[in-house]
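Welcome, and thanks for opening your viewer. Let's walk through this structure one selection at a time.

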Amino acid sequence: MNTTPHTVATGVLTASALYVGWWASLAPRSFYDSFPGLNRTWVGGDGPFNEHLVRDVGGLYLALAVAGVLALAWRERRTTLMLGAAWTTFSLLHLSYHLHHLGELAAVDVVGNVVALGGTLVLAVLLLVPARAEQRAEVTA
C-alpha cells in the first residue's frame, strides 16, 4: 500500500529524473554548460567537459525515472521501498559530493544546490518510511 505522500514523493523524484536524464542524454554539452537552467551553471565549473560522463549521468537519471514510472503504475510497497533505497543511496552520495564542492558557486547556487539535492534525499527517505496503517499492522501482528 502506498500513501499519498509516497505517491507525491515518487512523482516528484520521477519528474526530476526525467528533467535531468533527458537533458543530459540528448544534449550533453548544453547540460554541461547550462544546468540547471535559468542562466545558472552548476556542472560546467566542476572540471572539463566529458561527454561520456554526462551521458552516463543522463542514463542513470533515466533509469531512476523508469523505476519511478513503474512504482507509480504498480503502487506496491516493495516497489516503493526499492525505489526509495536506490534514490537514497544515490542522493546521499550526490549530496555529499556537492557539499564538499560548493566553493566556486554563487550564494544563490549554493542554496539551490543544497535545497535541490537535499530535497531529493528527503523525498527518497520518505519512500522508506512505512505508512501508518503498515506500522499499526506490524505492531498488532
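Which residues of α4 are buried? Keep that in mind for a moment while you get your bearings. What you have on screen is a predicted model.

**The whole chain**

Start with everything shown as a cartoon. You should find six helices and two strands. Follow them from the N terminus and the elements run α-α-β-β-α-α-α-α. Along its principal axes, the C-alpha trace spans about 55 × 30 × 20 Å. The chain has 141 residues, and 35% of them count as buried. Among contacts with a separation of 6 or more, 67% are between residues 24 or more positions apart.

**Helix α4**

Now select residues 77–99, which form α4. Here is the answer to the opening question: the buried residues of this helix are R77, T79, T80, L83, G84, W87, T88, F90, S91, L95 and H98. Colour them and look at how they are spaced. An α-helix has 3.6 residues a turn, so residues three or four places apart point the same way.

Next, try the distance tool on the two end C-alpha atoms of α4, which are 31 Å apart. At 1.5 Å a residue, the 23 residues of α4 should span 33 Å, so the distance agrees with what is expected.

**The largest pocket**

Rolling a probe the size of a water molecule over the atoms shows where empty space is left. The largest pocket holds about 700 Å³ of space. To find its centre, select F31, V43, V57, H94 and H98, the closest of its 28 lining residues. H98 is also one of the buried residues of α4.

Which helices supply at least two residues each to this lining? Select α1 (4–26), α2 (28–34), α3 (51–74), α4 (77–99) and α5 (107–128). The most comes from α3, with six residues. If you colour the lining by class, you will see 19 nonpolar, seven polar and two charged residues.

**The second largest pocket**

Move on to the second largest pocket, with about 170 Å³ of space. Its lining is T41, W42, G45, D46, H98, H101, E104, L105, A106, D109 and N113. By class, that makes three nonpolar, five polar and three charged residues.

**H6, in helix α1**

Select H6, which lies in α1. Is this residue buried or exposed? H6 counts as buried, because its relative accessibility is 3%, and the cut-off for buried is under 20%.

Show the side chains and look for a polar contact of 3.0 Å between H6 and T3. The side chain of H6 also reaches the backbone oxygen of V129, at 2.8 Å. Beyond residues up to four places away in sequence, H6 touches R77, T80, L126, L127, V129, P130 and A131. Two of these names, R77 and T80, are on the list of buried residues in α4.

**L70, in helix α3**

For the last stop, select L70 in α3. With a relative accessible area of 34%, L70 is partly exposed. Leaving aside neighbours within four places in sequence, L70 is in contact with R75 and T79.

Finally, add A106, which you met in the lining of the second largest pocket. How far apart are L70 and A106 in space? C-alpha to C-alpha, they are 37 Å apart, with their positions 36 residues apart in sequence.

How values were computed
Residues are numbered from 1 along each chain as its sequence is written. This is a predicted model: local features need pLDDT of at least 70, side-chain atom pairs count only at pLDDT 80 or more; totals for chains, interfaces and linings use all residues. Side-chain values use heavy atoms; hydrogens and water are left out. On a 1 Å grid over the protein atoms alone, a cavity is a set of points where a 1.4 Å probe fits but cannot get out, and a pocket is an open set with protein on both sides within 12 Å along at least five of seven lines; lining residues have an atom within 4 Å of a point. Grid points are joined across faces, edges and corners, and a volume is the space filled by probe spheres set on the points. Helices (H or I, at least four residues) and strands (E, at least two) are DSSP runs, numbered from the N terminus. Ala, Val, Leu, Ile, Met, Phe, Trp, Tyr, Cys and Pro count as nonpolar, Asp, Glu, Lys and Arg as charged, and the others, Gly among them, as polar. The expected span of a helix is 1.5 Å times one less than its number of residues. Buried means under 20% relative accessible area, exposed over 50%, partly exposed in between (1.4 Å probe, protein chains only). A polar contact is a pair of N or O atoms within 3.5 Å; within protein, one must be able to donate a hydrogen and the other to accept it, and residues adjacent in sequence count only if both atoms are side-chain atoms. Contact means heavy atoms within 4.5 Å.
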